[in-house]
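Trainee: Could you take me closely through one part of this model and then follow its links outward to the rest of the chain? I should like to understand how the cysteine and charged pairs fit into that picture.

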Amino acid sequence: MSRRLRLHNVYKLVASAGVLVALGLGGVPAIAQPESYCDDPGSVAAADTTRELELKQFGVELAIPSNFRAMLLNSGTVKIVDPGTYELLVCIARGGEALGRGYAQTRVRTEENPDNLDLRQLVEQNIHENQDISPYSFDGQQGYLVTQASNDQPVGIPDSYAALWIETDEAHGAVVISRSCDCSGQRDRLLSLLERSTMLDSSQATLP
């Protein structure tokens, strides 16, 4: 079972920095007062059902867990997290304080290409030394999968990051869809997301 949510079906948050708009269903978490501590419900497991998140500005539609929330940042990046992490991030953005903790996230962003490099060159120019590149076809569109054996911590966590780089008609530069966590298994999680997701038709993406 799936539900569809388009990017323009949003409600605004009164946020300070980081979060501008929340994309999702349900009520707005309580506003934290300055210098108050945020309640942290902890990470919440993904629902068995999914919904389609249509991101016209990137030209993609992602099938995300139906209980997960998407947040539009000031930078234009869309961050997708579980509902417990979402509540914590919104509270922090509104001035609350919280003890730090890691969390898993999916991010969708664009990478500018001012030198008009081909996609492979652009990827190579922007990845780290410990990351590998391999071709990957996303819904018929040729792109590149970037994976990493370990992160930059003294004791590395294997497979803690994975990203797909593709080009679409709707975005300037490249679209980067990534999974990251202070835990392993992110390559398989990203591939599972991509296998359920699609490119938007150019004609569909330009509709109001």
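Mentor: The account below begins with one helix, follows its links, and then turns to another helix and a pocket.

Please bear in mind throughout that this is a predicted model. The part to examine is helix 1, which spans residues 83–93. How many residues of helix 1 are buried? The helix is mostly covered, with nine of its eleven residues buried. These are Pro83, Gly84, Thr85, Tyr86, Leu88, Leu89, Val90, Cys91 and Ala93.

Both ends of the helix repay attention. At its start, Asp82 directs a side-chain oxygen to within 3.0 Å of the backbone nitrogen of Gly84. Gly84 is itself one of the buried residues of the helix. Just after the other end, Gly95 adopts a positive phi of about 110°.

Cys91 leads outward from the helix. Its sulfur atom lies 2.0 Å from that of Cys38, and the two residues form a disulfide. What does this disulfide tie together? Cys38 belongs to the loop between strand 3 and strand 4, whereas Cys91 is in helix 1, so the bond connects parts that are 53 residues apart in sequence. Both cysteines are buried. The torsion about their S-S bond is about -90°, so this disulfide is left-handed.

The loop that holds Cys38 also supplies a charged partner. Side chains of opposite charge can pair when their charged atoms come close. Here, the side chains of Asp40 and Arg101 form a salt bridge, with an N to O distance of 2.7 Å. Asp40 lies in the loop between strand 3 (19–23) and strand 4 (50–55), and Arg101 in the loop between helix 1 and strand 8 (105–111), so this pair ties together parts that are 61 residues apart in sequence. Unlike the buried pair Cys38 and Cys91, the two charged residues are partly exposed: Asp40 has a relative accessibility of 36%, and Arg101 one of 27%. The loop between strand 3 and strand 4 is thus tied to helix 1 by the disulfide, and to the loop between helix 1 and strand 8 by the salt bridge.

The bridge of Asp40 and Arg101 belongs to a total of four salt bridges. Another joins Glu111 to Arg109, with 2.7 Å from N to O. With buried meaning under 20% relative accessible area, Glu111 counts as buried at 19%, while Arg109 is partly exposed at 23%. A further one pairs Asp188 with Arg187 at an N to O distance of 3.7 Å. In that pair Asp188 is exposed, with a relative accessible area of 52%, and Arg187 is partly exposed at 35%.

The disulfide of helix 1 also has a counterpart, since the structure holds two disulfides. Cys181 is joined to Cys183, with 2.0 Å from sulfur to sulfur. Which hand does the link of Cys181 and Cys183 have? It is right-handed, with 115° about the S-S bond, whereas the link of Cys38 and Cys91 is left-handed. Cys181 is buried at 14% relative accessibility, but Cys183 is partly exposed at 28%. Taken in sequence order, the bonded cysteines of the protein pair as 1-2, 3-4.

A second helix now deserves a comparison. Helix 3 covers residues 186–196, and Ser197 sits in the loop between it and strand 13 (198–199). Ser197 is buried, with a relative accessible area of 5%. Its side chain reaches the backbone oxygen of Leu193 at 2.7 Å.

Helix 3 also contributes to the largest pocket. Rolling a probe the size of a water molecule over the atoms shows where empty space is left. The largest pocket has a volume of about 440 Å³. It is lined by 21 residues, of which Ala46, Pro65, Phe68, Arg179 and Arg189 are the closest to its centre. Which element gives the most to the lining of the largest pocket? Helix 3 does, with four residues, and strand 5 (60–65) also supplies at least two. By class, the lining comprises eleven nonpolar, five polar and five charged residues.

In summary, helix 1 is mostly covered and is linked through Cys91 to the loop between strand 3 and strand 4, while helix 3 gives the most to the lining of the largest pocket.

Definitions and conventions:
Residues are numbered from 1 along each chain as its sequence is written. This is a predicted model: local features need pLDDT of at least 70, side-chain atom pairs count only at pLDDT 80 or more; totals for chains, interfaces and linings use all residues. Side-chain values use heavy atoms; hydrogens and water are left out. Buried means under 20% relative accessible area, exposed over 50%, partly exposed in between (1.4 Å probe, protein chains only). On a 1 Å grid over the protein atoms alone, a cavity is a set of points where a 1.4 Å probe fits but cannot get out, and a pocket is an open set with protein on both sides within 12 Å along at least five of seven lines; lining residues have an atom within 4 Å of a point. Grid points are joined across faces, edges and corners, and a volume is the space filled by probe spheres set on the points. Ala, Val, Leu, Ile, Met, Phe, Trp, Tyr, Cys and Pro count as nonpolar, Asp, Glu, Lys and Arg as charged, and the others, Gly among them, as polar. A disulfide is a pair of cysteine sulfur atoms within 2.5 Å. A polar contact is a pair of N or O atoms within 3.5 Å; within protein, one must be able to donate a hydrogen and the other to accept it, and residues adjacent in sequence count only if both atoms are side-chain atoms.
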